[in-house]
Amino acid sequence: MNASRRPSHPGGRSTGPGRTRAARRPAPGTGRAEVKRVRYRPARKVSRRAAILALVLSALALAYAYPLRTYVEQRIEINRLEAEQSAQSEHIEELEAERVKWDDPEYVKAQIRSSLLLVPPGEDLVIVIDEDDPKHTGGADDETDEDRPWYDELADTFADADRVDPDETEEPAE
């Protein structure tokens, strides 16, 4: 047996961990020198509990990362769809307002006059072309005679002769 494990007191009490250092040391002057073996432990920077806690927290973070990513993507998709739906409802309201306009017979007549250039019998249609208007694309009048070959001019002459309305021609007065 080891000398440090023997009871130092006659009552059988041992020097255990609850005793002080003075109780474990031999009395001075006994001549018995006891060598203590101490194991060297390097100081830990992180305790075991802190390491386990960090490991558990990182596992939880990894476990929640994918569902959180999915949640964020779904919220973005929901916001996009809500914006699209509101734009569509605004477009529907505009179309409903236009449909109500088309129920008015005066609006229909105005659209026929402006779009199709149709007028009721007895009215004259007058179209004013503004030369300064950028919408003016020009027509047959914009071309000069020098740019066209002679046979195109001849064909236009025959076409113009065919367009003459007999009601518009004046009969010679007798």
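**Reading helices, ring pairs and a surface patch**

Tutor: Let's start with one residue of this predicted model: Tyr 151 has 49% relative accessibility, so Tyr 151 counts as partly exposed.

Student: And is its neighbour in the ring pair, Trp 150, buried or exposed?

Tutor: Trp 150 counts as exposed, because its relative accessibility is 64% and the cut-off for exposed is over 50%.

Student: What is the overall fold pattern along the sequence?

Tutor: Reading along the chain gives α-α-α-α, with four helices and zero strands. Of the 174 residues, 1% are buried. The chain exposes about 17,200 Å², and carbon and sulfur atoms supply 55% of that area.

Student: How many aromatic pairs are there?

Tutor: The count is two. In one, the ring centres of Trp 102 and Tyr 107 lie 5.2 Å apart with planes at 85°, so this pair is edge-to-face; planes over 60 degrees apart earn that label. The rings of Trp 150 and Tyr 151 are also edge-to-face, because their planes stand at 80°, with centres 5.8 Å apart.

Student: How accessible is Trp 102, and how accessible is Tyr 107?

Tutor: Trp 102 has 40% relative accessibility and counts as partly exposed. Tyr 107, at 23%, also counts as partly exposed.

Student: Which residues make the nonpolar surface patch?

Tutor: Ile 52, Leu 53, Val 56, Leu 57, Leu 60 and Tyr 64 make a patch of about 610 Å². Take Leu 60 as an example: this residue sits in helix H2, which covers residues 48-102. Leu 60 counts as partly exposed, with 40% relative accessibility; patch members need over 30%.

Methods. Residues are numbered from 1 along each chain as its sequence is written. This is a predicted model: local features need pLDDT of at least 70, side-chain atom pairs count only at pLDDT 80 or more; totals for chains, interfaces and linings use all residues. Side-chain values use heavy atoms; hydrogens and water are left out. Patches are made of residues with over 30% relative accessible area and no salt bridge: like charges are joined within 9 Å, nonpolar side chains (Val, Leu, Ile, Met, Phe, Trp, Tyr) within 5 Å. Accessible areas come from the Shrake-Rupley method with a 1.4 Å probe; for residues, only the protein chains shown count as cover. A salt bridge is a side-chain nitrogen of Lys or Arg within 4 Å of a carboxyl oxygen of Asp or Glu. Helices (H or I, at least four residues) and strands (E, at least two) are DSSP runs, numbered from the N terminus. Buried means under 20% relative accessible area, exposed over 50%, partly exposed in between (1.4 Å probe, protein chains only). Rings of Phe, Tyr and Trp (its six-membered ring) pair if their centres lie within 6.5 Å; planes under 30 degrees apart count as stacked, over 60 as edge-to-face and the rest as tilted.
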